[in-house]
Amino acid sequence: LHFHNLHNSYINLPMLFNYVKKNKIKVIWTLHDCWSMTGQCPYFTIKKCDKWKTGCHDCPQIDVYPAAKCDRTKFMWKKKKEWFTGIEDMTIVTPSKWLAEIAEQSYLGNYPIKVINNGIDLNIFKPTTSNFREKYHLEKKYIILGVAFDWGIRKGLDIFIELAARLDERFKIVLVGTNENVDKQLPNNIISIHRTNNQQELAEIYTAVDLYVNPTREDNYPTVNMEAIACGTPMITFRTGGSIEALDDTCGCIVNCDDIDALEQKIIEICENNVFSREACLERAKKFNEKDLFAEYADLYESLK
């Protein structure tokens, strides 16, 4: 059995794990966040909480997904530990080294832990020409792009709002994945795109911009980072979670979380001086080929026969 996300109450966890233990079934579990190691939350970085190491209680973000009306984190941490440990043959897979280190410190640390990065389709995410700049009248602008599904404090929406107030008229910020509620928070000088029609259209946007910025405060191994680099666009990210692991010094840079002064400085420096080449980005993107990463899973399956 190969598990992925099991949270949000759509599967009977004690029944599932009792079945696995009773029948001595071999399991691979790919973690996409920290939920399996906490009493409630998928991430705890923003709150700087480390209760998960010894037993959750008095959760500081009980109303955050998966939101609860009362705090049962002490009970749930103990139950999860009971359910998720004691499996005869289970391998934990994480897409990032960061999450692997978290797992090693948790009650899952007694299992073998293997890092297999996420991958993308390089036949789709590649340099793709379009009329994006002409459509939005941005021919002479430095375009800064942000892409997210659930814009908010975790994804750094406030950072882009602050950048829009700081950067001069040579720059234009474009955000993809917004909605009407997000639009109400945005200044007039940010272009908001609620959604793209397909992945090719998203690749066109990645290709058209000068710089991709990901000011995420909590993340595992963001797919958007890989997508931008694979389209030949350099990036900047905060030093948080596994977000830093997709890039190296040939295709982007890292600034400390919430250091907006450093972020602004790097944006200007990269755009004005063309610091990173498209060719270097595309060379780095070869590491994201999903077929190669599928093969790593196939090798893992073979090793468990």
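In this predicted model, a salt bridge joins the side chains of R166 and D261, with a nitrogen-to-oxygen distance of 2.7 Å. The two partners come from distant parts of the chain, 95 residues apart. R166 belongs to helix α5, which covers residues 157-166, while D261 belongs to helix α9, which covers residues 260-273. Side chains of opposite charge can pair when their charged atoms come close. Across the whole structure, the search finds 16 salt bridges.

A second link between elements is the packing of two helices, α1 and α2. Their axes lie 9 Å apart and meet at an angle of about 25°. Angles under 35 degrees count as roughly parallel, and α1 and α2 are therefore roughly parallel to each other. On the α1 side, the contact is made by L13, P14, F17 and K21; on the α2 side, E82, W83 and F84 take part. By class, this contact between α1 and α2 holds 5 nonpolar and 2 charged residues, with no polar ones.

The same two helices return in the description of the second largest pocket, where α1 (13-22) and α2 (73-84) are the elements that give two or more residues to the lining. The largest share, 4 residues, comes from α2. This second largest pocket has a volume of about 340 Å³ and a lining of 22 residues. Nearest its centre lie S9, W35, Q40, P66 and M76. The lining of the second largest pocket divides into 13 nonpolar, 6 polar and 3 charged residues.

Next comes the largest pocket, which offers about 940 Å³ of space. Its lining counts 35 residues, and those closest to the centre are Y43, D150, R154, K155 and D219. Two elements, strand β8 (211-214) and helix α8 (223-230), each supply at least two residues of this lining. The largest share is from β8, with 3 residues. Sorted by class, the lining of the largest pocket has 18 nonpolar, 10 polar and 7 charged residues. D150, R154, K155 and D219, all named above as close to the centre of the largest pocket, are of the charged class.

Besides these open spaces, closed ones can be considered too. How many cavities of 30 Å³ or more does a search of the whole structure find? The search returns 2 of them. The largest cavity has a volume of about 90 Å³ and is lined by 13 residues. Four cysteines, C41, C49, C56 and C59, are among the residues nearest its centre, together with P60. The lining of the largest cavity is made up of 7 nonpolar, 5 polar and 1 charged residues.

The second largest cavity has a volume of about 50 Å³. Its lining draws on two stretches of numbering: H4, N5, L6 and H7 on one side of the list, and W29, L31, H32, D33, W35 and S36 on the other. The class count for the second largest cavity is 4 nonpolar, 5 polar and 1 charged. W35 is a residue to look at in the structure, as it lines the second largest cavity and also lies among the residues nearest the centre of the second largest pocket.

Key: Residues are numbered from 1 along each chain as its sequence is written. This is a predicted model: local features need pLDDT of at least 70, side-chain atom pairs count only at pLDDT 80 or more; totals for chains, interfaces and linings use all residues. Side-chain values use heavy atoms; hydrogens and water are left out. On a 1 Å grid over the protein atoms alone, a cavity is a set of points where a 1.4 Å probe fits but cannot get out, and a pocket is an open set with protein on both sides within 12 Å along at least five of seven lines; lining residues have an atom within 4 Å of a point. Grid points are joined across faces, edges and corners, and a volume is the space filled by probe spheres set on the points. Axes are lines fitted to C-alpha atoms, for helices over the stretch in contact, and angles run from 0 to 180 degrees between N-to-C directions. Angles under 35 degrees count as roughly parallel, over 145 as roughly antiparallel, 65 to 115 as roughly perpendicular and the rest as oblique. Contact means heavy atoms within 4.5 Å. A salt bridge is a side-chain nitrogen of Lys or Arg within 4 Å of a carboxyl oxygen of Asp or Glu.
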